[in-house]
Amino acid sequence: MENHTYKSYKVWDLPVRLFHWINVICVIGLGVLGTVILWSSAFGLSTDGKVLLKTVHVYFGYVFALNLIIRLGWAFAGNRFAGWRNLLPFEKGYTQKLKGQLAAEKSGQPKHYLGHTPAGRLAVSAMMVALIAMATSGIVLAGTDIYFPPFGAMFQEWVAAPGVDPATVAAYVKDNVDQAAFAEMRAFRKPFILVHYWTFFIVLALIVVHIAAVIYTEVKSGSTLISAIFTGRKVIPGEPEDKE
């Protein structure tokens with residue numbers, strides 16, 4: 001029987017752990033609300049009900065976006081496991097590290113890492129890009145659809161009929177809007193809808209890959225990845241590759 005020397009390391013600081021779980025809650029909430037909104041006709045929602053759901057969706061989106069901004073900023077201020085070097089696959093020698101990890105996995109003797117593995121950085125980078133795309137497109141759509149900040153006032157001015165106070169322009173009320181301008185605005189928002197819609201499915205796919213990879217790595221390597229995102233500490237059965 002193979003013997004291991006287990007050692008506990010402090011890895012994920014509190015802001016990283018908070019980001020992770022706030023992000024989980026927001027993604028679940030946004031996904032459920034977005035699905036109901038998308039299928040609002042099938043659910044028999046009234047116009048007022050749809051506006052209410054979109055309003056709650058946007059508030060979840062604000063928390064989601066703010067949480068993401070804080071995490072991106074924390075990559076400059078957090079510990080080395082929270083930083084860009086541990087998130088992005090661009091450091092010198094990265095390709096060789098990735099090949100080494102994959103070769104070790106293939107040999108049945110996986111390497112141990114405190115932070116993200118080389119392969120994990122690819123997934124984290126893809127997830128960050130997807131989350132940024134979701135947040136950015138969502139903020140624009142909030143302005144074009146129910147005229148919420150930060151761009152809502154600008155879109156109200158765009159579509160308001162001559163002589164109409166833009167502040168009185170409301171969602172699903174069209175008797176005080178310029179129909180030509182409104183059509184132009186709706187055409188403007190279409191690319192953002194496509195980005196928002198398809199990126200959601202990309203995020204779902206990345207979440208499935210993330211969960212599967214965490215479970216696989218924990219089972220194969222014996223490292224405590226799952227508990228670490230609660231406690232911040234990883235227990236490693238051997239010498240980690242990224243120990244300094």
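Buried here means under 20% relative accessible area, exposed means over 50%, and partly exposed is anything in between (1.4 Å probe, protein chains only). This is a predicted model, in which local features need pLDDT of at least 70 and side-chain atom pairs count only at pLDDT 80 or more, while totals for chains, interfaces and linings use all residues. Residues are numbered from 1 along each chain as its sequence is written, and side-chain values use heavy atoms, with hydrogens and water left out. Helices (H or I, at least four residues) are DSSP runs, numbered from the N terminus, as are strands (E, at least two).

**Helix 5, side by side**

- Helix 5 takes in residues 94-107, which is 14 residues. From first C-alpha to last it reaches 20 Å, close to the 20 Å expected at 1.5 Å a residue; the expected span is 1.5 Å times one less than the number of residues.
- Which residues of helix 5 are buried? They are Tyr 94, Leu 98, Gly 100, Gln 101 and Ala 104. These cover an arc of only 160 degrees around the axis, which puts them on the same side of helix 5; the arc is that of the directions from the helix axis to the C-beta atoms.
- As background, an α-helix has 3.6 residues a turn, so residues three or four places apart point the same way.
- Turn to the face of helix 5 that looks away from the buried side, and you find the exposed residues Gln 96, Lys 99 and Lys 106.
- Helix 6 (118-145) is among the parts that cover the buried residues of helix 5. Contact, here and below, means heavy atoms within 4.5 Å.
- Right after helix 5 comes Gly 108, with a positive phi near 85 degrees.

**How the helices pack**

- Helix 1 (residues 14-38) and helix 3 (residues 47-77) pack at an angle of about 155 degrees, and their axes are 9 Å apart. Axes are lines fitted to C-alpha atoms, for helices over the stretch in contact, and angles run from 0 to 180 degrees between N-to-C directions.
- That pair is therefore roughly antiparallel. The cut-offs go like this: under 35 degrees is roughly parallel, over 145 roughly antiparallel, 65 to 115 roughly perpendicular, and the rest oblique.
- Helix 1 and helix 3 make a left-handed crossing, meaning that the near helix is turned anticlockwise from the far one by less than a right angle (clockwise would be right-handed).
- Pro 15 sits in helix 1 and is partly exposed, at 31% relative accessible area. Its C-alpha is 7.6 Å from that of Arg 71, although the two are 56 residues apart in sequence.
- Helix 7 (residues 152-159) and helix 8 (residues 179-221) have axes that come within 8 Å and cross at roughly 140 degrees. That makes helix 7 oblique to helix 8.
- Where these two meet, helix 7 brings Phe 155, Trp 158 and Val 159, and helix 8 brings Ala 181, Phe 182, Glu 184, Met 185 and Phe 188.

**Helix 6 and the loops with odd backbone angles**

- Helix 6 has 28 residues, which should span 40 Å at 1.5 Å a residue; its end C-alpha atoms are 41 Å apart, which agrees.
- Most residues other than glycine have a negative phi, and most peptide bonds are trans.
- Tyr 147 follows helix 6 and lies in the loop between helix 6 and helix 7. Its phi is positive, about 60 degrees, although it is not a glycine.
- Is Tyr 147 buried or exposed? At 11% relative accessibility, Tyr 147 counts as buried.
- The loop between helix 6 and helix 7 also holds Pro 150. The peptide bond leading to Pro 150 from Pro 149 is cis, with omega near 5 degrees.
- Tyr 172, in the loop between helix 7 and helix 8, has a positive phi too, near 65 degrees. Tyr 172 is partly exposed, at 38%.

**Around helix 9**

- Ser 223 is in the loop between helix 8 and helix 9 (225-231), and is buried at 3% relative accessible area.
- Beyond its neighbours within four places in sequence, Ser 223 contacts His 112, Glu 218, Val 235, Ile 236 and Pro 237.
- Ile 226 belongs to helix 9 and is partly exposed, at 40% relative accessible area.
- Leaving out neighbours within four places in sequence, Ile 226 is in contact with Val 214 and Glu 218. Ile 226 and Ile 215 are 11 residues apart in sequence and 7.9 Å apart in space, C-alpha to C-alpha.
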